[in-house]
Amino acid sequence: MLHEFYYEEFIRAEEWLESKKRFSDTSSIMSLIGFLIGLGDRHTENILLSAIDGSVLHVDYSCVFDKAKEFEVPEVVPFRLTQNIIKVLFRENWK
């Protein structure tokens with residue numbers, strides 16, 4: 001569903017391409033920062049999308065410094081590359 005947000009929000013081709021680039025850039029930066037500070041508990045409710053430029057910002061830093069590794073079911077992956085994110089990153093998966 002995430003890719004539909006970009007498809008519907010950025011109608012002009014130039015805006016759409018630029019928003020995809022911003023999504024890609026900010027997602028990779030946020031994933032790297034999250035990895036470095038041990039940020040866990042990442043899901044769609046902890047990610048803020050900009051309807052202005054398509055950028056991504058992580059919110060809810062309550063599971064920082066590898067705190068998520070102490071959960072009953074510990075998180076062991078550095079970040080999650082979901083199908084939802086992949087569909088935004090790769091054009092062939094769009095409508």
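## Walking along helix α2

At 35% relative accessibility, E18 counts as partly exposed. That's a handy spot to start a tour of this model, which is a predicted one. E18 has a partner, too: its side chain and that of R22 meet in a salt bridge, 3.8 Å from N to O. Both residues sit in helix α2, 4 residues apart, or about one turn of the helix. Why does that spacing suit a pair like this? An α-helix has 3.6 residues a turn, so residues three or four places apart point the same way.

R22 is partly exposed as well, with a relative accessible area of 31%. Its side chain also meets that of D53 in a salt bridge, again listed at 3.8 Å, N to O. D53 belongs to the loop between β1 and β2 while R22 belongs to helix α2, so this pair ties together parts that are 31 residues apart in sequence. As for D53, a relative accessible area of 22% makes it partly exposed.

Let's look at the other salt bridges for a moment. A search of the whole structure turns up 6 of them. One joins the side chains of E15 and R12, at 3.2 Å from N to O. E15 is partly exposed, at a relative accessible area of 32%, and R12 is partly exposed too, at 48%.

Now step back and take in helix α2 as a whole. It covers residues 13-37, which makes 25 residues, and at 1.5 Å a residue it should span 36 Å. How far apart are its end C-alpha atoms? They are 36 Å apart, which agrees with that expected span. Just after the helix comes G38, whose phi is positive, near 70°.

Which residues of α2 are buried? They are W16, S19, K20, F23, S27, M30 and G34. The parts that cover them include α1 (2-9), β1 (47-49), β2 (56-58) and α3 (83-89).

Pick S27 out of that set for a closer look. This residue is found in helix α2, and its relative accessible area is 16%, which puts it under the 20% cut-off, so it counts as buried. Leaving aside residues up to four places away in sequence, S27 touches R22 and V56. That brings back R22, the residue whose side chain forms salt bridges with E18 and with D53.

The last stop is some empty space. Rolling a probe the size of a water molecule over the atoms shows where such space is left. In this model, the largest pocket holds about 710 Å³ of space. It is lined by 35 residues, and the closest to its centre are S31, R42, H58, F79 and R80. The elements that give two or more residues to this lining are α2, β1, β2 and α3. Which of the elements gives the most? That's α2, with 8 residues. As for the kinds of residue in the lining, they divide into 17 nonpolar, 12 polar and 6 charged.

So the tour ends back at helix α2, the element that has W16 and F23 among its buried residues and that gives the most to the lining of the largest pocket.

Notes: Residues numbered from 1 in each chain as written. Predicted model: local features only at pLDDT ≥ 70, side-chain atom pairs only at ≥ 80, totals over all residues. Heavy atoms only, no water. Expected span 1.5 Å × (residues − 1). Buried < 20%, exposed > 50% of the residue type's maximum accessible area, 1.4 Å probe, protein only. Contact = heavy atoms within 4.5 Å. 1 Å grid on protein atoms, 1.4 Å probe; cavity = no way out; pocket = protein on both sides within 12 Å on 5 of 7 lines; lining within 4 Å. Points joined across faces, edges and corners; volume = space filled by probe spheres on them. Nonpolar A, V, L, I, M, F, W, Y, C, P; charged D, E, K, R; others polar. Salt bridge = Lys/Arg side-chain N within 4 Å of Asp/Glu carboxyl O.
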